[in-house]
Amino acid sequence: MKIRKIPLISVVLISAAALALAASSSITVKGSDTMVILAQRWAEEYMKNNSSISIQVTGGGSGTGISALINGTTDICTASRPMKSSERNQLKQRYSSTGVEVKVAKDGIALYVNKKSPVTELSMEQIKSIYTGMITNWKELGGPDASIIVYGRDNSSGTYVYFRDVILKGQDYIGTMQSMPGTAAVVNAVEKDVNGIGFGGAAYGKGIKYVKVKKDDDSPGYDPTLENIQAGKYPITRYLYLYLRSKPSGELKKFIDWILGAQGQAVVSNVGYFPIR
């Protein structure tokens with residue numbers, strides 16, 4: 001019996017084509033816990049009309065996502081803070097590129113308190129004083145004579161870094177702050193703790209109440225609403241980002257373009273964040 005031989009070059013070409021197909025049909029997204037619900041919803045909505053594409057979304061924190069991007073274990077990093085110059089340098093050393101930054105949404109960092117708390121507004125200076133340990137009792141803020149129980153994020157979180165750098169002006173958090181693994185955990189803790197305070201994305205504010213934030217003692221306080229953020233009234237506003245190793249192409253570019261388009265930005269609003277346009 002004559003055995004048919006398949007030329008080696010054909011096998012190589014077939015294998016290369018199969019690998020290219022597999023690579024184009026799967027997109028991995030990893031990073032910000034603030035953005036994980038948003039990224040999951042983007043993936044779900046996009047895959048409804050693009051059934052050949054599989055998008056896998058995981059959290060872990062902005063720092064974790066950036067590390068994964070540098071290590072080559074994710075296609076897209078979600079981040080609630082800008083990449084640091086040191087992180088961009090690591091990308092450049094490995095890929096000859098400092099990465100591509102895409103602003104995809106706006107967020108107001110909200111201050112959460114228990115629904116039973118009588119405190120309704122805080123100035124930026126008062127927030128800083130709470131989180132650096134200068135103010136430790138609610139009576140100093142018009143509340144009851146009770147210790148303030150401070151909740152925050154762990155140091156892999158982009159929100160942790162942003163809050164420290166922007167709100168605390170680089171000062172250290174109070175040593176008794178209870179670091180939580182995600183924003184949902186912060187909200188859950190404050191919901192159960194009448195003397196608690198926490199911070200995180202505005203989209204997570206369920207079961208608690210927002211504290212109005214004042215730029216200074218003489219300014220009015222504002223909630224983190226779309227109107228207040230678009231008007232520049234809410235003092236703690238930031239962008240949410242996607243990062244890629246290089247300029248996207250193929251299915252990756254189509255997904256990014258969709259996120260920036262009308263459908264993707266509608267998802268931003270539906271989740272509780274704020275569109276960039």
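Me: What makes it possible to say where Glu-44 and Arg-41 lie relative to each other in helix H2?

Reply: Both residues belong to helix H2, with a spacing of 3 residues, which is about one turn of the helix; helices here (H or I, at least four residues) and strands (E, at least two) are DSSP runs numbered from the N terminus. The model is a predicted one, in which local features need pLDDT of at least 70 and side-chain atom pairs count only at pLDDT 80 or more, while totals for chains, interfaces and linings use all residues. Residues are numbered from 1 along each chain as its sequence is written, and side-chain values use heavy atoms, with hydrogens and water left out.

Me: Why is the meeting of the side chains of Glu-44 and Arg-41 called a salt bridge?

Reply: The term requires a side-chain nitrogen of Lys or Arg within 4 Å of a carboxyl oxygen of Asp or Glu, and the N to O distance for Glu-44 and Arg-41 is 3.9 Å, so the pair meets the cut-off. Side chains of opposite charge can pair when their charged atoms come close. The whole structure holds 11 salt bridges.

Me: Why does Glu-44 count as partly exposed, and why does Arg-41?

Reply: With a 1.4 Å probe and protein chains only, buried means under 20% relative accessible area, exposed means over 50%, and partly exposed is the range in between. Glu-44 has a relative accessibility of 43% and Arg-41 has 31%, so each of the two values falls in the middle class.

Me: What makes Arg-153 and Asp-33 a salt bridge, and which parts of the chain does the pair link?

Reply: Their closest N and O atoms are 3.2 Å apart, which therefore satisfies the distance criterion. The pair joins distant parts of the chain, 120 residues apart, with Arg-153 in strand S6 (residues 149-153) and Asp-33 in the loop between strand S1 (26-31) and helix H2 (36-48). Arg-153 and Asp-33 are both buried.

Me: What makes the largest nonpolar core a core, and which residues have the most contacts inside it?

Reply: A nonpolar core is a set of buried Ala, Val, Leu, Ile, Met, Phe, Trp, Tyr and Cys residues joined through side-chain atoms within 4.5 Å. The largest such set has 39 residues, and Trp-42, Ile-55, Ile-76, Leu-242 and Phe-255 have the most contacts inside it. Helix H2 gives the most to this core, with 6 residues. Beyond its neighbours within four places in sequence, Trp-42 is in contact (heavy atoms within 4.5 Å) with residues including Val-104, Leu-242, Phe-255 and Trp-258.

Me: Why is Gln-265 counted as buried, and what does a polar atom of its side chain lie close to?

Reply: Gln-265, in helix H10, has a relative accessibility of 6%, so it falls under the limit for a buried residue. A polar atom of the Gln-265 side chain lies 3.1 Å from the backbone oxygen of Ile-259. Not counting residues up to four places away in sequence, Gln-265 also touches, among others, Val-104, Pro-275 and Arg-277.

Me: What makes the sheet of S5, S10 and S11 an open one with mixed pairing, and in what order do the strands run?

Reply: The 3 strands form an open sheet in the order S5-S10-S11, with mixed pairing. Strand S5 (121-123) and S11 stand at the edges with a single partner strand each, so one side of each has no neighbour in the sheet. Two strands pair if DSSP finds at least two bridges between them, and S5 and S10 pair in the parallel sense over 3 bridges.

Note on methods. Polar contact = N/O pair within 3.5 Å; in protein donor to acceptor, adjacent residues only side chain to side chain.
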